[in-house]
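Biologist: Got a minute to go through this one with me? I'd like to hear the reasoning behind the labels, not just the labels.

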Amino acid sequence: MVDSGKNSRQILLLSLLVIVIPMTLFPARLGLGLGKVSLLNLALEFLFYGFVVYLFNRNVNLGAIVKFAAVTLFFRVVLGVVFAVTIVGLFEMDFQVALKLGVFSYLPGVIIQAIAAPFIMKEPLKSVYEQTPGRLSGFDPSSQEAQKLMGTTSFVVSKSKGVEGSIIPQQPHKKKDIKPETSLDGRNKAGIATSQDQGNTVQNGFDKATHYIGELASVELACVIDSEGLLMSNFTRNDIIAEDWAPFALIHFQDSSSLLSRTSLDSPVKIDFTLDDKRVIISRDGPLFLMVVANRESEDLLNIRVNQSHEMIRSYLNERYGELPFNKVEKENVSST
Amino acid sequence: MYQVLNDLNKTSGVTGSMLVGKDGIVIAADLDERLESETVGALAASITDNIQKSLDRMDTSPLSQVTIEADNAKMFFSDAGIGILVVTTEKQVNIGLIRLEIKNAVSKLKISN
């Protein structure tokens with residue numbers, strides 16, 4: 001329910017109007033006074049209010065109709081009571097009689113108030129009847145809940161592995177963090193290094209994991225790669241280009257998996273290449289790969305950091321997407337798969 | 001050559017070793033009976049060749065060693081000059097010690113040839 005000052009003033013003004021208009025007609029009654037007081041009148045009013053809200057909002061659900069009708073009926077009764085009090089004040093009538101007249105019996109007043117009530121309450125109760133499934137008007141993309149739901153979902157279908165899904169979360173959009181346009185390796189179009197390649201910007205669990213590995217001086221590249229070989233987060237040092245290395249992880253894991261499957265060995269979980277001057281570690285955890293390029297002389301602490309980074313990524317995924325593995329989430333959300 | 005492989009297999013955690021040519025043809029093998037030497041030889045040659053080709057495209061230095069960690073074992077592929085030295089180990093091994101033993105074996109193989 002909207003409870004702003006503007007709506008309150010609007011309700012007050014219109015309420016006074018629907019009270020004052022019958023007051024001017026009160027002495028005459030127009031010969032239309034109801035013969036008896038009946039709760040059936042209130043039930044009919046309730047149905048009328050429900051019908052009005054349904055007429056103007058065809059997508060509204062039953063719960064919202066009932067809520068709107070109940071609140072509007074309450075408002076109409078309150079109007080009737082105020083009307084009765086006004087009658088007592090102006091015409092020195094007995095309060096009980098005035099109450100019956102104001103709420104139930106005085107036809108021009110009751111009719112005017114009953115007809116006007118849903119239209120008076122339409123705007124203040126907009127949030128009630130518009131928060132129904134299938135309507136996006138209540139969806140605020142900037143809300144924290146919405147940020148959790150938004151992202152890019154992708155899945156890969158392969159003959160050997162079936163359907164593998166992954167969710168690439170959208171980077172949290174913070175106005176404070178607006179930076180100059182940069183490429184994924186943290187360099188802007190002018191080629192000037194930004195804070196990203198200096199390891200100063202930490203945005204999500206993936207960034208934290210890559211920056212944690214990057215704290216080691218020997219590390220030149222640490223990146224998280226999804227099941228399609230696309231970068232999800234990266235830390236780079238020197239002139240190494242993350243986009244060039246990212247597909248490397250996927251290609252070699254697929255190659256090694258297909259070859260190892262012909263032996264009694266299971267699929268690989270970690271591949272470690274040693275070159276003359278570099279060392280490359282590619283490790284997999286579920287649908288994600290973590291690739292690290294470091295100097296050959298890097299200490300064994302690197303492996304420990306890689307394992308710890310996997311833990312960080314895992315806990316971040318659990319925290320953000322729940323305990324379910326990605327492919328299960330995908331199957332639940334996309335029924336056709 | 002078999003002596004070098006035999007010595008290597010005595011290292012704690014090592015389950016087998018073999019020497020395979022860069023074309024995948026087995027030169028000498030002393031592998032765990034669960035693994036077929038021809039298959040592993042072809043696998044080693046294929047994996048190292050694929051990796052080397054990828055690295056060439058990225059203008060990096062030549063490959064000298066590859067370690068693959070599977071769910072139930074580890075495999076080490078090392079350039080031994082005349083071919084690739086393949087060492088298979090259990091999953092939980094002292095990697096530093098294995099690498100040292102492999103380095104030692106590679107130098108012995110290079111001397112013997």
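Biologist: Which residue is the bridge partner of L275(A) in strand 3 of chain B?

Modeller: L63(B) is the partner of L275(A) there. Bear in mind that this is a predicted model.

Biologist: What makes strand 5 of chain A and strand 3 of chain B a pair?

Modeller: Pairing takes at least two bridges between the strands. Strand 5 of chain A and strand 3 (residues 63–70) of chain B have seven bridges and run antiparallel, so by the two-bridge rule they count as paired.

Biologist: And how many residues are in contact across the two chains?

Modeller: On chain A it's 26 residues, in contact with 27 residues of chain B. Helix 9 (242–260) and strand 5 (268–275) of chain A each supply at least two residues of that side of chain A. By class, chain A brings 10 nonpolar, six polar and 10 charged residues to it.

Biologist: What order do the strands of the open sheet have?

Modeller: The sheet has 10 strands, in the order 4(A)-3(A)-7(A)-6(A)-5(A)-3(B)-4(B)-5(B)-1(B)-2(B), with antiparallel pairing.

Biologist: Why are strand 4 of chain A and strand 2 of chain B said to stand at the edges?

Modeller: Strand 4 (231–236) of chain A and strand 2 (26–30) of chain B each have a single partner strand, so one side of each is left without a neighbour in the sheet. On average, neighbouring strands of this sheet are turned by 10 degrees against each other, direction ignored.

Biologist: Staying in chain A, what joins strand 5 to strand 6?

Modeller: Five bridges, in the antiparallel sense, pair strand 5 of chain A with strand 6 (residues 278–285) of chain A. K270(A) stands opposite S283(A) in strand 6 of chain A.

Biologist: How many bridges join strand 6 of chain A to strand 7 of chain A?

Modeller: Eight, with the strands running antiparallel. One partnership there is R284(A) with F289(A), the latter in strand 7 of chain A. Strands 6 and 7 of chain A form a hairpin with two residues between them, and G286(A) in the turn has a positive phi of about 65 degrees.

Biologist: Why is strand 7 of chain A called mostly covered?

Modeller: A residue is buried if 20 or more other C-beta atoms lie within 10 Å of its own. In strand 7 (residues 288–295) of chain A, seven of the eight residues are buried, hence "mostly covered". Strand 7 of chain A is also joined by six bridges to strand 3 (residues 219–225) of chain A, running antiparallel, and C223(A) of that pairing stands opposite M291(A).

Biologist: Now the helices. What makes helix 2 of chain A oblique to helix 3 of chain A?

Modeller: The axes of helix 2 (residues 39–56) and helix 3 (residues 62–91) of chain A come within 8 Å and cross at roughly 130 degrees. Roughly perpendicular ends at 115 and roughly antiparallel starts over 145, so helix 2 of chain A counts as oblique to helix 3 of chain A. The crossing is right-handed. Among the residues making the contact are F46(A) and Y49(A) of helix 2 and F68(A) and L73(A) of helix 3 of chain A. By class, this contact has 10 nonpolar, two polar and two charged residues.

Biologist: And how is chain B laid out from the N terminus on?

Modeller: The elements run α-β-β-α-β-β-β-α, which is three helices and five strands. Of its 113 residues, 42% are buried.

How values were computed
Residues numbered from 1 in each chain as written. Chains lettered and ligands numbered in written order. Predicted model: local features only at pLDDT ≥ 70, side-chain atom pairs only at ≥ 80, totals over all residues. Contact = placed C-beta atoms within 7 Å. Helix = DSSP H or I, 4+ residues; strand = E, 2+ residues; numbered from the N terminus. Nonpolar A, V, L, I, M, F, W, Y, C, P; charged D, E, K, R; others polar. Buried ≥ 20, exposed ≤ 12 C-beta atoms within 10 Å, placed from the backbone. Axes fitted to C-alpha atoms, helices over the stretch in contact; angles between N-to-C directions. Parallel < 35°, antiparallel > 145°, perpendicular 65-115°, else oblique. Left-handed = near helix turned anticlockwise from the far one by under 90°.
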